[in-house]
Amino acid sequence: MTNLPDTPRYHAAQLETFALDLFQAAGLEEKLAAPVAHYLVEADLMGHDTHGLALAGWYLQAIDDGVMAPSGTYDILSDRGAAVAWHGRRLPGAWLVQQAMTLACTRAVDYGTCTIAVGGAHHIGALAAYLTLATDAGLMVSIASSSPSGAHVAPFGGVTGVMTPNPVAHGIPTPGDPILIDISASVTTFNMSQRLIREGRQFSADWLMDAGGKASQDPKVLEHGGTLLPTGGADHGQKGYGMALHVEALTQGLSGIGRADALKGTNCAFSVQVHDPDAFGGRDAFVRQTGWLADACLASTPKPGVSAVRLPGQAGLARRRAALTDGVPLYPTIIPSLSEAAQKYGVALPTPV
């Protein structure tokens, strides 16, 4: 999350136009470029600044290298109405998630629930940025993601990397703001580790493990066979390990495209599952229960040093509202990191507000 005193702020619409122009100039078809630009900026609006425009330079390189497909559409592997599988053909993850969310929401109203599994996609960014596509319609949603060619997380008890942070996100409607949960099977992320390496910094706690199995705060251990510790850390990492295995099955298993195929280059497998409360106990009954739970959590007596108990997503939604009014606070290195690409493609850099 961006919290530096000299963090520049930009109008969200200007950032989105800037990103759209960059991606189109790099050769990405407009229908694909628009959701990529939108959801990267959405991530920054919510404060997920390692998964917002910080990814734009990497995406541009992927287009240039042919790792991200600049045009086309997915292949339908199966479609049974409430259960669907696609091959993403290395198309931009943001477009594929948007398409899957739109279809899953429509099908959930028809069937009560819908699950779509997609393999062979490119990176999909911050999962939390997509959740309100469902919750705004009163639907509950879960998204899971894994990267079959990455191996930054070791199974609990081992030191050899096998899996990735494998995040999951859940959007839960309530009578007020939705609960937006975005968590991962590892304590931290590879992207955050790379940022700290570039800046010569370390984590504040032992969130990694070196190649010998010793817990570490130094992200540079990743350059020498180290791994990200699973959620639960060195003591209770079996929790993150179990979660990671489940996500691998939900994404690569259900899509049929994953590690067993020895995939090369950046790729992603993800699943989207949407439930319509009206098909179960009813929408009014659903939000009555989730509203009670939300109120009870917010009313919980805070422990010493905590001003108030919050719900997942509460801070992100507050940051988004503030950023739409006052400007999006971007991590100071993000725009400078895109200046070379902007010059190459003749795209004007955004100006701070």
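How many aromatic pairs does the structure hold? In this predicted model, the count comes to six aromatic pairs. A pair of aromatic rings is described by the distance of the centres and the angle of the planes. In the pair formed by tyrosine 74 and tryptophan 95, the centres are 5.9 Å apart and the planes meet at 35°, a tilted arrangement. This pair links distant parts of the chain, with the two positions 21 residues apart in sequence numbering. Tyrosine 74 belongs to the loop between helix H3 (56-65) and strand E2 (75-79), whereas tryptophan 95 is part of helix H4 (residues 93-111). Tryptophan 95 is buried, at 5% relative accessibility.

A tilted arrangement is also found for phenylalanine 203 and tryptophan 207, whose ring centres are 5.3 Å apart and whose planes lie at 45°. Phenylalanine 203 has a relative accessible area of 6% and is therefore buried; tryptophan 207, at 30% relative accessibility, counts as partly exposed. Beyond these pairs, one aromatic cluster is formed by Phe23, Trp58 and Tyr59. An aromatic face is also approached by a charged residue: arginine 195 lies over the ring of tyrosine 331, at 3.7 Å from the ring centre.

Phenylalanine 23, a member of the aromatic cluster, also features in the nonpolar interior. The largest nonpolar core comprises 71 residues, of which Phe23, Leu53, Phe270 and Val272 touch the most other members. Helix H4 gives the most to this core, contributing nine residues. With neighbours within four places in sequence left aside, phenylalanine 23 is in contact with Leu28, Ala33, Val36, Ala37, Leu40, Ala56, Tyr59, Leu60 and Ile63. Another core lies apart from the largest one and has seven residues, including Val153, Phe203, Leu208 and Leu222.

Leucine 208, one of the residues of that other core, has serine 216 in strand E9 as its bridge partner. Strand E8 (residues 208-209) pairs with E9 in the antiparallel sense over two bridges. These strands belong to an open sheet of three strands, arranged in the order E9-E8-E10 with antiparallel pairing. Strand E9 (215-216) and strand E10 (227-228) are the edge strands, each pairing on one side only.

Serine 271 is located in strand E11 (residues 268-275). With a relative accessibility of 6%, serine 271 counts as buried. When residues up to four places away in sequence are not counted, serine 271 touches Ile116, Ala117, Ser142, Ile143, Ala144, Leu250 and Thr251. The C-alpha atoms of serine 271 and serine 71 are 22 Å apart in space, and the two residues are 200 residues apart in sequence.

A search of the whole structure for disulfides finds zero. Why does cysteine 105 form no bond with cysteine 114? The sulfur of cysteine 114 is the closest cysteine sulfur to that of cysteine 105, but the distance is 9.0 Å, which is too far for a bond, because a disulfide requires the two sulfur atoms to lie within 2.5 Å. Cysteine 114 is likewise in no disulfide, its nearest cysteine sulfur being that of cysteine 105. Both residues fall below the 20% limit for buried positions: cysteine 105 is buried with a relative accessible area of 12%, and cysteine 114 is buried at 0% relative accessibility.

Definitions and conventions. Residues numbered from 1 in each chain as written. Predicted model: local features only at pLDDT ≥ 70, side-chain atom pairs only at ≥ 80, totals over all residues. Heavy atoms only, no water. Buried < 20%, exposed > 50% of the residue type's maximum accessible area, 1.4 Å probe, protein only. Phe/Tyr/Trp six-rings, centres within 6.5 Å; stacked < 30°, edge-to-face > 60°. Helix = DSSP H or I, 4+ residues; strand = E, 2+ residues; numbered from the N terminus. Lys NZ or Arg CZ within 6 Å of the ring centre and 35° of its normal. Pairing = 2+ DSSP bridges. Contact = heavy atoms within 4.5 Å. Core = buried A, V, L, I, M, F, W, Y, C linked by side-chain atoms within 4.5 Å.
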